[in-house]
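This report covers internal cavities and one helix packing in a single chain. The model is shown first.

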Amino acid sequence: MVPFAGYDMPVQYPAGVLKEHLHTRNAAGLFDVSHMGQIALRPKSGKVEDAARALEGLVPQDILAIAPGRQRYAQFTNAEGGILDDLMVANFGDHLFLVVNAACKAEDEAHLRANLSDDCMIDSLADRALIALQGPKAGSALTKLCAEAPAMKFMDSGPHKVAGLDCFVSRSGYTGEDGFEISVPAGDAERLAKALLDNPDVMPIGLGARDSLRLEAGLCLYGHDIDTATTPVEAALEWSVQKSRRTGGARAGGFPGAAKILAHFDHGASRRRVGLRTEGRAPVREGALLFADATSAEPIGKVTSGGFSPSLNAPVAMGYVPTASSAIDTKLFAEVRGQRLAVQIAAMPFVKNTYKR
């Protein structure tokens, strides 16, 4: 157990990080992610589109286009175009349901209250736990407890009964695998976790494997790969900003930092988040400096996440480099313990995702 975002969290269970990681890739892993923030955004008008329109003032995503029963990945941006947090936004028909990062949840809630209180009631759902079930056997495991699970597709989200409990279930996650995130009343979380773990295909997974799984999937960790000084374009998250919010779109701009973010869309950004593979077995970790060649004195970039990939049996990393040096197969050098290691820019995800579309 370790302190994490104000909580005691398991780094690993008895099986250990390597076995937990591979079990999630091959069967199903259960993660307690109850430290995440859950927030309901309820429109005072009673019309969910009014809550969506209000939230569009804080994020560069098209929230109005999220159909009932669906969710979308989004970012809160600041006046400089940086990312305050990344989040999930679901349309529950009469209100929006948000899942935000643990370390940012108090600030996120305050940000929503400061900006959206005229249009929305902001309810912190602190009495709800969050359990993620991830992996190729997650669907069959959840189907035993939730009859509606098989019909769900990637990014479907809404209220469902699971083991007779009133839950919010989305078909999504943070591993690159098919899977679900299940919001459950906190008092019922242990019962639900035990019911899922009664299935021999399901193993409990700690923070260690959660990090190696998301790194293989090429997914950003807030405060490491994205932060208040990173725009969505620099972070290679262009796919998450719909055309309706870009230059020439129906509701272009209108979010914090729009001038800078849209300029990055229109003219390019000077740096970019990329995947990195190393030659050899030594992992290149967060903070390692990147150089254009083996001898130059000035670094051109920096690693933001890195570690050993159990699925590939090789080191992987991600980091920021000048856009001019961001092409796949570009050779660079990382400085590790005073030595320059050859690295190569690689496509992400490192491991193919298996979402059920």
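## Cavities and helix packing

About 60 Å³ of space lies in the second largest cavity of this predicted model. Its lining consists of Met9, Pro10, Tyr13, Phe31, Asp32, Val33, Ile205, Gly206, Leu207 and Arg210. Strand S3 (28-32) and helix H6 are the elements that give two or more residues to this lining. By class, the lining of the second largest cavity divides into 7 nonpolar, 1 polar and 2 charged residues.

The count of cavities of 30 Å³ or more comes to 2. The largest has a volume of about 90 Å³. It is lined by 13 residues, and Gln71, Phe97, Val99, Ser157 and Ser170 are the closest to its centre. Two or more lining residues come from each of strand S7 (96-100), strand S11 (165-170) and strand S12 (179-185).

The two cavities are set side by side below.

| Cavity | Volume | Lining by class |
|---|---|---|
| Largest | about 90 Å³ | 8 nonpolar, 4 polar, 1 charged residues |
| Second largest | about 60 Å³ | 7 nonpolar, 1 polar, 2 charged residues |

Helix H6 (residues 207-216) also packs against helix H1 (residues 17-26), at an angle of about 50° and with the axes 8 Å apart. That angle makes H1 oblique to H6. The crossing of the two helices is right-handed. On the H1 side, the contact involves Val17, Glu20, His21, Thr24 and Arg25; these meet Gly208, Ala209, Ser212, Leu213 and Glu216 in H6. By class, this contact has 3 nonpolar, 4 polar and 3 charged residues.

Methods. Residues numbered from 1 in each chain as written. Predicted model: local features only at pLDDT ≥ 70, side-chain atom pairs only at ≥ 80, totals over all residues. Heavy atoms only, no water. Axes fitted to C-alpha atoms, helices over the stretch in contact; angles between N-to-C directions. Helix = DSSP H or I, 4+ residues; strand = E, 2+ residues; numbered from the N terminus. Parallel < 35°, antiparallel > 145°, perpendicular 65-115°, else oblique. Left-handed = near helix turned anticlockwise from the far one by under 90°. Contact = heavy atoms within 4.5 Å. Nonpolar A, V, L, I, M, F, W, Y, C, P; charged D, E, K, R; others polar. 1 Å grid on protein atoms, 1.4 Å probe; cavity = no way out; pocket = protein on both sides within 12 Å on 5 of 7 lines; lining within 4 Å. Points joined across faces, edges and corners; volume = space filled by probe spheres on them.
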